[in-house]
Every structure is written in C-alpha cells, then in structure tokens.
Amino acid sequence: MTIDHSSLFLGGRWVKPLGSSRIDVRSASTEEVIGSVPDATDADVDAAVAVARRAFDDPSGWSHWEPARRAEALERLAEEFEKRADVIIDLISQQNGMPISIARQLEAPFPGAILRFYAELIRKQPVEERRDGIFIESTTVRRSPIGVVAAIVPWNVPQTLLMTKLAPALAAGCSIVIKPSPETVLDVFELAEAIAAAQIPEGVVSIVPGGRELGAYLVSHPGIDKVAFTGSTAGGTAVATACAKLLRPVSLELGGKSAAVILDDADLDLSRMGEAFFAATMANNGQVCFLGTRVLAPRSRYDEVVDAVAALVSSVKIGDATDDDTLVGPMASPTQQQRVSRYIDIGIKEGARVVAGGAGMPTDIDRGWFVRPTVFADVDNNATVAREEIFGPVLSIIAYDSDADAIAIANDSDYGLGGTVWSTDEDRATSVAAAMQTGTVGINGYIPDPGAPFGGIKRSGIGREFGAEGLAAYQQLKSIYRMQ
Ligand code: NAD
C-alpha cells in the first residue's frame, strides 16, 4: 500500500494544490514506489508566502505573542512530534536509506530536544534590554522577529535539519515556508499533522514540496525576509548569489570534507572506540555533512590504523535500511549511487589502495541503490577523493608525521565544517582541536549539541544554527536611544 497525499499544507490548513503534477517517492532499499505528494507550483508558493505575510503582519498574531505563549506552542509541537516519531523515522529510513537504528538515535530525539531548547531560551531571553550610553543616557535594545522565512532543506537528515530552522524561527515569532527535498517528503507530511495538532496559528507554517527550481523561486520571492539553506556548496552558492542581488539575509549550511585526526597515543581498540569512530566517519551511509572522511593516521602507527579502520568497515552489516541490525543502508537515490560509485572508480584510478569495499554492489544484494562501504589507504591529500565531498560511505586514509603536520593537512581543505581528534591525552587533543580550521570538532567522538553553535567556515557555509546564535539568525535588533 502506498501513502498518497492529495493536499498541500499551506498556512496550517490542508488545501487543494493549484497544479496537477506529483512527486513519486521510492524506497531506497527496494526501489519500489512507496507514496506520492503534490508537486507544488510557483502559484502554491505565492499562496504560502501570502498567508505567511498576513499572519506575520497581524498585530495580535503569532509574531506579537508573549514569548512564553510561543514557548508553550513549541512544547506542544515537541509532544505531537514525539507521538508520531516512530512513523516518521520509518518513513525516513525507507526514503533515504538511513539505517533505522541510526534514525532512532538521531531523527527521533533531536527534533523534540531542539524545540524544547528554543522554548526554554525564549522564556529566559528578555525582549528588551537596557544598555548604559556613552554619549547619551541609555539605549533600549529590542529584539523582534525577522519576518517571513524561506527554509530549504536536504534529504539526508530531513527532520533534524528542518527543525534547526523551524524551531528558532517559530521561537523568534517568524512565519515560515519550508521547501523539503523531493526525496524525503512523506515524513514532512507527517510533521505537518503534528504542526496542525499543536495548534500553531493559521498562516505561520507552510510546506511546499518541489525541486531546486521551486526552491529558487521561493528564495527570490518578494515576500521573503530571510533565507535559511542547508544543502550542497553548489546549491548554497546559487542561493547566496540570488540573496546578494536582493540584499536578503541568508544563512548557509553546506558541504564538508572533515578530518578525523588520530593522534599517535589514540586508543585503537575497536571494542572501545569502534562505534564512536564509525558514527563520526560513516554514519547514515556516509550521507552526513560533518563526517570525518579524511582519516589522518600517524606514520608511526600507520599500518595499525589502516588495519583497524579496514576491519571496522568490512565488519558492518549492509542491508535494507529498515532492518534493525543494518549499519549501512543504500544511497538515497540513483543519482547519489552513481555519484558515489564514480568517486570510488576515481580513487582506484588515481592509485589509492583499496583496503575495504571497492567498486560495484555489495554481494547478495540485487536491488536498492547500494554501494560498498569503501576505505582507501595511501591517499595523498591532493587526490580527488581527499578534496571533494563524496557524500557516501568512502574513507581516505592519509599519513602524517607530526601533530603540526596533521593540523596542516586537516586545514588544507576548501571546507571547514566538522572534524574529530582521537587521543588518550585530553589536553593534547584539545590543542589540536583548537588549531583546526573548522566550525565544530569532537574529541574521541562527534555529536552536535543543540545548545552550542553549529556551522561551517570556508566553503562549508556562513552563519550558525543551534544555540542562542541559531535564534539570533531569526531576530532583528532595534536600538532606541534615550537622551535622559
Ligand atoms: P542540494 O544542494 O542539491 O539540495 C538541497 C536542497 O536545496 C534541496 O531541497 C534542493 O531542492 C534545494 N536546492 C538546490 N539548489 C537550489 C537552488 N539553486 N535554489 C534553491 N533551492 C535549491 O543538496 P542535497 O544533495 O540535497 O544535500 C546534500 C548536501 O547537503 C551535501 O553537500 C551536504 O554536505 C549538505 N549538507 C550540509 C549540512 C550542514 O549542516 N552544513 C547538513 C546536511 C547536508
């Protein structure tokens, strides 16, 4: 049985779409069609932006509610999300191939936690603060919501990445139009049910499913005040260019090619560090922006690192993403499968040594968009597989000679999003982490925390999500000068 939706969620109501075209959604593991939703048109976007604008401009509406009242609504949404979490993670796992065990750890708990974090933050944050003046008596600095937000999200971690925008935008008092990726829309329709059940007021949230042309239309729409984009560096560059022409505020969470720096005192016992290392380098089939896909190994323990990483990756269970014991599922789409396969071929052609996986489908699997989890050893940091984001389960091991050399190699990248340092000496690991040119870094593991800013430098993006910084991205500041 397929899940077919006939209506669009615009401004909190289910309405008939203005066009007739549809998006078919397939299971990444079986390739079968599992559902469909309306493909929104430009006219649907116009309608969504119009209701968002009306809601935002309503003098007694959402944007003017007391923060505590909005906080209660965010908490209701967290509860409604959690009631539907099992259905949502099952849909995600079918659509993008996220192993269900990983979806349980990531997509089930994060959205509710993010909503509650921002509910708590706006309860504590004053709308106005008074600052002593230098030339005048004082200034009242007042926070207000930035306006109507366009949020564009990718398919890889669809609910959490959507919530990194929806929760702070709602907390600030904004209205929002969300464009999910066509690969992962069924879970977003389930979220729409949660939004309706949480009684978020009319007009405040709309969802317009569609491809990149629809996204481009939304980004440049005259009724939008701010754009929040998560996706590829190429997509982010196009969005930034459109926003630059309009002088429209934009935050960009883009690609990565992070380093996992293994110091020469690291504990390489897989029974102790295997799970955390796998999560930080290959979780979600390698389809996570911050993963440390360049593994930097000290020359003094090089063979040991290669053996440990190859043993870890060779041992993972590959299979249908919805099976409980699967650790690596399929790629999210045939395009993604072809892209990752092409990079595996390039790695082999450029002379990297295959120590796990390799080209082709995993044995015993004859359907689904699978690739073999692959580890390349003896990779030069200038090789294509070390420079370009692959976005699949492919690791490159690169040798280094000293901590300074490891830092230089880690920083020799166009990207700067994530990274890890593996060591038994916390001080030493911290000083290496501090020297890495990146927005975030984990020591002996990597788990982004909603309370702390997350984002990238260089070609990994502009701005920060999570933390109070993530809320500030949806707020305007006004200074009211007081002479006496
Ligand atoms: P993508 O850029 O192709 O698409 C992302 C979203 O943007 C989709 O909804 C797409 O329809 C839309 N889009 C694409 N081009 C657009 C344009 N010109 N105007 C408006 N909308 C446009 O990326 P993807 O393949 O879906 O996602 C994978 C990429 O996302 C990877 O590069 C990954 O590193 C990155 N990512 C980054 C983060 C982060 O927080 N930094 C998190 C997850 C994924």
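**Note on the predicted model: loops, sheets and helix packing**

1. Residue E31 is located in the loop that joins β4 (22-26) to β5 (33-38); helices (H or I, at least four residues) and strands (E, at least two) are DSSP runs, numbered from the N terminus. E31 is not a glycine, yet its phi is positive, at about 70°. With a relative accessible area of 31%, E31 is partly exposed (buried means under 20% relative accessible area, exposed over 50%, partly exposed in between; 1.4 Å probe, protein chains only).

2. The model is predicted: local features need pLDDT of at least 70 and side-chain atom pairs count only at pLDDT 80 or more, whereas totals for chains, interfaces and linings use all residues. Residues are numbered from 1 along each chain as its sequence is written, and side-chain values use heavy atoms, with hydrogens and water left out.

3. The strands that flank E31 belong to an open sheet of 3 strands, ordered β1-β5-β4, with mixed pairing (two strands pair if DSSP finds at least two bridges between them). The edges are taken by β1 (3-4) and β4; each has a single partner strand, so one side of each lacks a neighbour in the sheet. Between β4 and β5 the pairing is antiparallel, over 5 bridges, and I23 has V37 in β5 as its bridge partner.

4. Two helices lie on this sheet. Helix α2 packs on the sheet and touches β1, β4 and β5, with a direction at about 90° to that of β4. Contact means heavy atoms within 4.5 Å; axes are lines fitted to C-alpha atoms, for helices over the stretch in contact, and angles run from 0 to 180 degrees between N-to-C directions. Helix α6 (residues 186-197) also lies across β1, β4 and β5, and runs at about 55° to β5.

5. Helix α2 (residues 67-96) has a further partner in helix α5 (residues 158-172): their axes come within 11 Å and cross at roughly 165°. The two helices are therefore roughly antiparallel (angles under 35 degrees count as roughly parallel, over 145 as roughly antiparallel, 65 to 115 as roughly perpendicular and the rest as oblique). The contact involves R70, L74, L77, F81, I88, I92 and N96 of α2, together with P158, Q159, L166, A167, L170, A171 and A172 of α5. By class these are 11 nonpolar, 2 polar and 1 charged (Ala, Val, Leu, Ile, Met, Phe, Trp, Tyr, Cys and Pro count as nonpolar, Asp, Glu, Lys and Arg as charged, and the others, Gly among them, as polar).

6. Strand β11 (residues 226-230) is mostly covered, with 5 of its 5 residues buried. Side chains in a regular strand alternate between the two faces of the sheet. In β11 both faces are covered: K226, A228 and T230 are buried on one side, and V227 and F229 on the other. Strand β8 (residues 148-152) pairs with β11 in the parallel sense over 4 bridges, and I152 stands opposite F229. Strand β12 (residues 250-253) and β11 are likewise parallel, over 4 bridges; here the bridge partner of F229 is L252.

7. An open sheet of 7 strands follows the order β15-β16-β17-β14-β13-β19-β20, and its pairing is mixed. Its edge strands are β15 (353-356) and β20 (442-443); each has a single partner strand, so one side of each is left without a neighbour in the sheet. Strands β14 (residues 294-298) and β17 (residues 394-400) pair in parallel over 5 bridges, and A297 stands opposite A399 in β17.

8. Helix α10 (residues 302-315) lies across β13 (259-262), β14, β15, β16 (374-377) and β17, at about 55° to β15. Helix α13 (residues 403-411) packs on the sheet as well, touching β13, β14 and β17, and its direction makes about 140° with that of β17.

9. The loop between α9 (270-282) and β14 contains N284, a non-glycine residue with a positive phi of about 55°. N284 is buried, at a relative accessible area of 1%. T293 sits in the loop between α9 and β14 and is buried, at 10%. Apart from neighbours within four places in sequence, T293 contacts K257, S258, T281, V394, L395 and S396.

10. Helices α13 and α14 (residues 426-435) pack at about 35°, with axes 10 Å apart. D403, I407 and N411 of α13 meet R428, V432 and A435 of α14, a contact of 3 nonpolar, 1 polar and 2 charged residues.
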